[in-house]
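Open the model in your viewer and keep the sequence panel beside it. We will start with the whole chain and then zoom in on one spot.

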Amino acid sequence: MPTKPLVVFSHGKETGPHGRKIRKLQEIAEAQGAQTISVDYTSTYDPTERVNILLNTKLPEHSGLILVGSSMGGYVSTTASAQLKPDGLLLMAPAFGLPDYPNHYPAPVASQVAAVHGWHDEVVPVDNAITWAQRHNVRLVLVDDNHSLHSEVHTVGQLLVGMLQQLKAPRRVAAPKFI
């Protein structure tokens with residue numbers, strides 16, 4: 001039986017694994033034929049412990065991996081990407097550039113990377129997202145919203161659909177060049 005792509009959700013510091021955004025994004029991913037899991041980090045507020053929770057989560061067999069993280073979950077997903085090496089990394093208002101985090105601007109490791117951040121974010125300054133995106137040369141979508149991004153879930157959903165479609169696309173092999 002062929003495996004499906006897997007989308008792993010990591011929630012923010014003070015939310016949970018079944019919040020409104022994650023539930024909506026799970027619906028979108030599953031409609032695209034992906035399997036989903038949402039990791040529960042509510043046992044700790046420590047970002048390093050949360051990274052370890054993600055790294056120690058048993059993932060089902062999959063044909064491709066996309067990590068989706070919100071706020072502290074964005075930090076966790078990005079930090080864990082160095083070991084998990086996902087195909088996609090999609091971040092919502094990622095908690096970058098904050099003083100209590102061991103690595104302020106972690107490097108993303110994925111073939112597709114995108115972040116969505118609100119211009120009016122009252123928790124993580126938009127300048128932190130811009131600094132991170134510029135430093136790592138990745139796609140950053142700035143929207144007219146706050147930290148919750150509740151009015152921009154559709155934007156995140158469109159990016160997720162695009163990443164899942166890239167996983168399904170046939171891999172192109174470069175044709176040999178003849179001289």
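Colour the whole protein by accessibility: of its 179 residues, 50% count as buried, where buried means under 20% relative accessible area, exposed over 50% and partly exposed in between (1.4 Å probe, protein chains only). This is a predicted model, in which local features need pLDDT of at least 70, side-chain atom pairs count only at pLDDT 80 or more, and totals for chains, interfaces and linings use all residues. Residues are numbered from 1 along each chain as its sequence is written, and side-chain values use heavy atoms, with hydrogens and water left out.

Next, switch to cartoon. You should find five helices and six strands, arranged along the sequence as β-α-β-α-β-α-β-β-α-β-α. Here helices (H or I, at least four residues) and strands (E, at least two) are DSSP runs, numbered from the N terminus.

Now show the surface. The protein exposes about 9300 Å², and carbon and sulfur atoms supply 51% of that; the areas come from the Shrake-Rupley method with a 1.4 Å probe, and for residues only the protein chains shown count as cover.

Then select serine 63, in the loop between α2 (47–55) and β3 (64–70). Is serine 63 buried or partly exposed? Its relative accessible area is 43%, so serine 63 is partly exposed.

Which residues does serine 63 touch, leaving aside neighbours within four places in sequence? Select Thr3, Lys4 and Pro5: serine 63 is in contact with them, contact meaning heavy atoms within 4.5 Å.

Finally, add aspartate 46 and draw a C-alpha to C-alpha distance to serine 63: the two are 17 residues apart in sequence and 31 Å apart in space.
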